[in-house]
Amino acid sequence: MTLAIHSGLAKITRRMASVALLLIFCSNSYAALTASIDRNLVYDNESVQLTIRLDAQVGGVKLDVSVLNSDFEIISNNRQQQYTVSNGRAESSTEWNLVLI
């Protein structure tokens, strides 16, 4: 079972690299992009939360997660955008949260 778990995490990593490239090409600038999961150890048929964060606003661009469909079932997919101005400095970010099985 451990091999399947590590194989699944490796698949997430490979798939997220594809998603990262897609987001970079969709972005207007070279914004920071991060992807993380909510824990290090995942068992078979257990859900995991995948968070993808881009330090930029993406407007109406929809994240294409179809690359994950061959290895995972996407239980939920939501997006949050944040824009703040503090001491005259503006910061924006977009975060996608996906629950995968």
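## Report on a predicted four-stranded chain

At a relative accessibility of 0%, Thr 94 counts as buried, because buried means under 20% relative accessible area. The structure discussed here is a predicted model, and Thr 94 serves as the point of entry to its description.

### The surroundings of Thr 94

Thr 94 belongs to strand E4, which covers residues 89–100. Its side chain makes a polar contact of 3.4 Å with the side chain of Gln 81. When residues up to four places away in sequence are not counted, Thr 94 touches Ile 52, Arg 53, Leu 54, Ala 56, Gln 57, Val 58, Arg 79, Gln 80 and Gln 81. Gln 81 therefore appears both as a polar partner of Thr 94 and in the list of residues that Thr 94 touches, a pairing that rests on the cut-off of 3.5 Å for polar contacts and of 4.5 Å for contacts in general. Gln 80, also touched by Thr 94, has Glu 95 of E4 as its bridge partner.

### The chain and its sheet

The chain has 101 residues, and buried residues make up 26% of them. It contains 1 helix and 4 strands, and along the sequence these elements follow the pattern α-β-β-β-β. Contacts between residues at least 6 apart in sequence may also be considered: 59% of these join residues at least 24 apart.

How are the 4 strands ordered in the sheet? They form an open sheet in the order E1-E2-E4-E3, with antiparallel pairing. Strand E1 (33–37) and strand E3 (74–86) stand at the edges; each has a single partner strand, so one side of each is left without a neighbour in the sheet. From one strand to the next, the twist averages 15°. Strands of a sheet pair through backbone hydrogen bonds, in either a parallel or an antiparallel manner. Here, E3 and E4 run antiparallel and are joined by 12 bridges.

### The nonpolar core

The largest nonpolar core consists of 14 residues. Which of its residues touch the most other members? They are Leu 50, Ile 52, Leu 63, Leu 68, Trp 96, Leu 98 and Leu 100. Strand E2 (48–54) and E4 each supply at least two residues of this core. The largest share, 4 residues, comes from E2. Ile 52, one of the core residues named above, is also among the residues that Thr 94 touches.

### Salt bridges

The count of salt bridges in the model comes to 5. Three of them are listed below, with the distance between the closest N and O atoms.

| Salt bridge | Closest N and O atoms |
|---|---|
| Arg 39 and Asp 38 | 2.8 Å |
| Arg 39 and Glu 46 | 3.9 Å |
| Glu 91 and Arg 89 | 3.6 Å |

Asp 38, Arg 39 and Glu 46 are linked in a network of salt bridges. Within this network, Arg 39 is partly exposed, with a relative accessible area of 26%. Asp 38 is likewise partly exposed, at 45%, and Glu 46 is partly exposed, at 31%. In the salt bridge between Glu 91 and Arg 89, Glu 91 counts as partly exposed at 42% relative accessibility, whereas Arg 89 counts as exposed at 56%. The two receive separate labels because exposed means over 50% relative accessible area.

### The position of Glu 46

Where is Glu 46 found? Glu 46 lies in the loop between E1 and E2. Leaving aside neighbours within four places in sequence, Glu 46 is in contact with Arg 39, Leu 41, Leu 100 and Ile 101. Arg 39 is thus both a contact of Glu 46 and its salt-bridge partner, with the closest N and O atoms 3.9 Å apart, a distance that meets the cut-off of 4 Å and therefore counts as a salt bridge.

Leu 100, another contact of Glu 46, is 54 residues away in sequence, while the two C-alpha atoms are 8.4 Å apart in space. Leu 100 is also one of the core residues that touch the most other members. A further polar atom pair involves Tyr 43: the backbone nitrogen of Tyr 43 lies 3.0 Å from a polar atom of the side chain of Glu 46.

How values were computed:
Residues are numbered from 1 along each chain as its sequence is written. This is a predicted model: local features need pLDDT of at least 70, side-chain atom pairs count only at pLDDT 80 or more; totals for chains, interfaces and linings use all residues. Side-chain values use heavy atoms; hydrogens and water are left out. Buried means under 20% relative accessible area, exposed over 50%, partly exposed in between (1.4 Å probe, protein chains only). A polar contact is a pair of N or O atoms within 3.5 Å; within protein, one must be able to donate a hydrogen and the other to accept it, and residues adjacent in sequence count only if both atoms are side-chain atoms. Two strands pair if DSSP finds at least two bridges between them. Axes are lines fitted to C-alpha atoms, for helices over the stretch in contact, and angles run from 0 to 180 degrees between N-to-C directions. A nonpolar core is a set of buried Ala, Val, Leu, Ile, Met, Phe, Trp, Tyr and Cys residues joined through side-chain atoms within 4.5 Å. A salt bridge is a side-chain nitrogen of Lys or Arg within 4 Å of a carboxyl oxygen of Asp or Glu.
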